[in-house]
Amino acid sequence: MSVIELKALTKTYGNARGITDVNLKVEHGEVFGFIGPNGAGKSTTIRTLLGLVHATSGSATIFGKSCSEHPEIRKELGYLPSEVFYYDGMRVIDLLKYSASFYKKDCMKRIKELSEMMDLDLKKKIDDLSFGNKKKVGIVQGLLHEPKLIILDEPTSGLDPLMQQKFFELIAQENQKGAAVFFSSHILSEVQKMCDRVAFIKDGRIIKQEKISDLQENSYKKISLEAKSGIAKAALEMDGVSNIELKGNTASFIFRGNINAIMRRVAEIELTNITIAEPDLEEIFMHYYMKGD
Ligand SMILES: Nc1ncnc2c1ncn2[C@@H]1O[C@H](COP(=O)(O)OP(=O)(O)OP(=O)(O)O)[C@@H](O)[C@H]1O
């Protein structure tokens, strides 16, 4: 049984598109990245998982149970929203104790460990905290019950780089202890660093799902050429070539396919230099988003 399974999940808001026919599985022990531009449908997918919105059609399950019919599965998951809002009058510790009271276990030891790690002062009033410190409260709140599934919606906004680093260490530790992680982001370097697999979402539809290692290592090459004179775009156009950029006597592009085929094509150009490199995830990402635009 998968940790998360979305089958043909569709949500419309009146006539407006939310998400369309989303299919994905997150398996035990996985860190799964969910990546897409603003308005692509990441939050709608997460809200469906949390049982906060009901799907128009299709299904969403966590540990085999329907997210809309079994609200109790929320106790198995820890959620960190992209923005956190609190009733200001409380002290941090009171808020965290209140959150912990929803679970049938003593979370105090874990609250202390997490707040030490995140450098969070438990005695402070929430009113007195900066945005970043409020975010830390959200992190502790999401993890204090040692959930089996952690859902993160653009988690690092508002955290300084040192805290971002600590946060990722914390998530990696939880993952090593066995928690699966579903991680929405539009920051590619985070996904590249943290995730085992990634799904790209665009205009409400999943356009690609792949292992990070396959995306980077095996499949794509970034080829840059310098020639004696300008290179015609048509000279490079063939199956597997995308993102062609021409500038003066140089050209660069992304290639996926049989390397011999592209080498034969490139050999027809009078070159002065060539480099072949691994593209970063950003370039692969652009490859997907530019296709079909
Ligand atoms: N309550 C709502 N009513 C109407 N349309 C909505 C509502 N919530 C989301 N949408 C629409 O659904 C689509 C997906 O939005 P969603 O917030 O899920 O995207 P997102 O990928 O999380 O974007 P962002 O990165 O900007 O948060 C958008 O077109 C958005 O306008």
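## Long-range contacts, two domains and a ligand shell

Counting contacts in the chain with a separation of 6 or more, 69% of them link residues 24 or more positions apart. Keep in mind that this is a predicted model. The chain has 293 residues, and 33% of them count as buried. In secondary structure terms, you're looking at ten helices and 14 strands. Put a box around the C-alpha atoms, taken along the principal axes, and it comes out at roughly 70 × 40 × 35 Å.

The domain assignment splits the chain into domain 1, covering 4–203, and domain 2, covering 218–290. Between the C-alpha centres of domain 1 and domain 2 there are 39 Å.

**An open sheet**

Start with the sheet whose strand order is 2-1-4-5: it is open, has four strands, and its pairing is antiparallel. Strand 2 (16–26) and strand 5 (65–66) each have a single partner strand, so they stand at the edges with one side left without a neighbour in the sheet. As a general reminder, strands of a sheet pair through backbone hydrogen bonds, either parallel or antiparallel. Strand 5 is joined to strand 4 (residues 57–62) by two bridges. In strand 5, serine 66 sits opposite threonine 61.

**Around the ligand**

Which residues surround the ligand? Going along the chain, they are Tyr13, Ala16, Arg17, Gly18, Gly36, Asn38, Gly39, Ala40, Gly41, Lys42, Ser43 and Thr44. Strand 2 and helix 1 (42–49) are the elements that give two or more residues to this shell. By character, the shell divides into seven polar residues, three nonpolar and two charged.

**Strands 11, 12 and 13**

Further along the chain, strand 13 (residues 250–256) pairs with strand 11 (residues 220–227) and also with strand 12 (residues 241–247). Here are the two pairings side by side:

| Pair | Sense | Bridges | Residues standing opposite |
|---|---|---|---|
| Strand 11 and strand 13 | antiparallel | seven bridges | leucine 225 and alanine 251 |
| Strand 12 and strand 13 | antiparallel | five bridges | glutamate 245 and serine 252 |

So what links strand 12 to strand 13 in their hairpin, and which residue there takes a positive phi? There are two residues between the strands, and glycine 248 is the one with a positive phi, near 55°.

Note on methods. Residues numbered from 1 in each chain as written. Predicted model: local features only at pLDDT ≥ 70, side-chain atom pairs only at ≥ 80, totals over all residues. Pairing = 2+ DSSP bridges. Domains from an automatic or database assignment. Near = placed C-beta within 6 Å. Nonpolar A, V, L, I, M, F, W, Y, C, P; charged D, E, K, R; others polar. Buried ≥ 20, exposed ≤ 12 C-beta atoms within 10 Å, placed from the backbone. Contact = placed C-beta atoms within 7 Å.
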